[in-house]
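Thanks for coming, everyone. I'd like to walk you through one protein today, so have a look at the screen and then we'll go through it piece by piece.

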Amino acid sequence: RDDDAYPLKEWDVITHIGGTPVDSDGKVAVRYDLRLSASYLAQKFTKNGVLPLTIYRDGKLAQINLPVKTRRELVIPYLLNSNPRYFIFGPFVFSQTTQDYLERLGNQRSSSAGSFGRAASPLVTRRYDRPAFDDEELVMVVSPLFPHRITQGYDDPNRGVLSEVNNIRVRNLRHLVEILRDSRDQQISFKFASSGVLTHETMVFNRSDLMEATSKILEENGIRYPYSTDLRSVWETPEMQAPKSAKVLCCSPG
């Protein structure tokens, strides 16, 4: 900006955001094994519309307070101080897509581009989009399928963005859980975005097989609950709120 009152000037170099150093690649170390874009700190340290910065200007370090607008809403948000949200159903691990997850992929996206298919994935094309409607999230498969007999013959949709379940368009992770909870169909079909995965096939399973697979997978992997805590009240019916084994919890609806 050319506004003389604006504290950030041309050729200023940002060295710290909120006291945290920014490296020459514009990234910050969150943990010893994780570096994220510096924009992560911008959202974390902004208070009352002001972001504290340390800048290098005219050969000297200076402290400034940068006025910023309210955090921009993204369809792929940053976790900030939240924990990842997830839901395990059969061999799938579904989660809301986050900027943190994409940052963790890092160079894997360029070194193994095939995992995103021939056409650009929504993880790329929509990364900085605003939500198209209230509560929109990109729900994706965040890990390889758990090994189970019902996956035989299917390609792994790891990193695929889920678009529909039983011909119902998935709006967000909570909506996915509601669809699976309320479905009384004998078969459940999963359709993925037509770009970004190795296969465009629709995966179809018997509901009973998915329920059985969920119980077995949780037990074999020592996973107590098939959901993050925010989804417990969505998946479980009111009478199932008392703590029970993972096997009972995973299969209570339906």
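**Two sheets and some salt bridges**

Let's start with an open sheet: it has 4 strands in the order β2-β1-β5-β6, and the pairing is antiparallel. At its edges stand β2 and β6, each with a single partner strand, so one side of each has no neighbour in the sheet. Strands here are DSSP runs of E with at least two residues, helices are H or I runs of at least four, and both are numbered from the N terminus. Two strands count as paired if DSSP finds at least two bridges between them.

A word on where this comes from. This is a predicted model, where local features need pLDDT of at least 70 and side-chain atom pairs count only at pLDDT 80 or more, while totals for chains, interfaces and linings use all residues. Residues are numbered from 1 along each chain as its sequence is written, and side-chain values use heavy atoms, with hydrogens and water left out.

Back to that sheet. Strand β1, residues 13-17, is joined to β2 by 2 bridges, and the two run antiparallel. If you want to find the spot on screen, I17 has T20 in β2 as its bridge partner. As a general reminder, strands of a sheet pair through backbone hydrogen bonds, either parallel or antiparallel.

β1 also holds V13. Together with Y56 and L61, V13 forms a nonpolar patch on the surface, with about 300 Å² of accessible area between the three. V13 counts as partly exposed because its relative accessibility is 43%. The cut-offs: buried is under 20% relative accessible area, exposed is over 50%, and partly exposed is in between, with a 1.4 Å probe and protein chains only. The areas themselves come from the Shrake-Rupley method with a 1.4 Å probe, and for residues only the protein chains shown count as cover. Patches take residues with over 30% relative accessible area and no salt bridge, joining like charges within 9 Å and nonpolar side chains (Val, Leu, Ile, Met, Phe, Trp, Tyr) within 5 Å.

Next, a hairpin. β3 and β4 form one, with 2 residues between them. The two strands run antiparallel, with 4 bridges joining them, and R31 has L34 in β4 as its bridge partner.

Now for the charged side chains. How many salt bridges does a search of the whole structure find? The count is 16, where a salt bridge is a side-chain nitrogen of Lys or Arg within 4 Å of a carboxyl oxygen of Asp or Glu.

One of them sits by that hairpin: D23 and R35 meet at 2.6 Å, N to O. D23 is in the loop between β2 (20-21) and β3 (27-31), while R35 is in strand β4 (residues 34-37), so this pair, 12 residues apart, links distant parts of the chain. Both partners are partly exposed, D23 at 29% relative accessible area and R35 at 38%. D25 joins in too: D23, D25 and R35 are linked in a network of salt bridges.

Another one is R85 with E137, at 3.0 Å, N to O. Here the partners are 52 residues apart, with R85 in the loop between β6 (60-67) and β7 (86-89), and E137 in the loop between α4 (122-125) and β9 (139-141). Is E137 buried or exposed? E137 is buried, with a relative accessible area of 15%.

A third is local: R174 bridges to E178, with the closest N and O atoms 3.3 Å apart. Because they are 4 residues apart in helix α5 (residues 173-182), they are separated by about one helical turn. R174, at 41%, is partly exposed, and E178 is partly exposed at 24%.

That helix takes us to another open sheet, with 4 strands in the order β11-β10-β12-β13 and antiparallel pairing. β11 (168-169) and β13 (203-206) are the edge strands, each with a single partner. Strand β12 (residues 187-192) joins β13 through 4 bridges, and I188 stands opposite F205 in β13.

To finish, the overall numbers. The protein has 8 helices and 13 strands. Of its 254 residues, 44% count as buried. It exposes about 14300 Å², with carbon and sulfur atoms supplying 49% of that.
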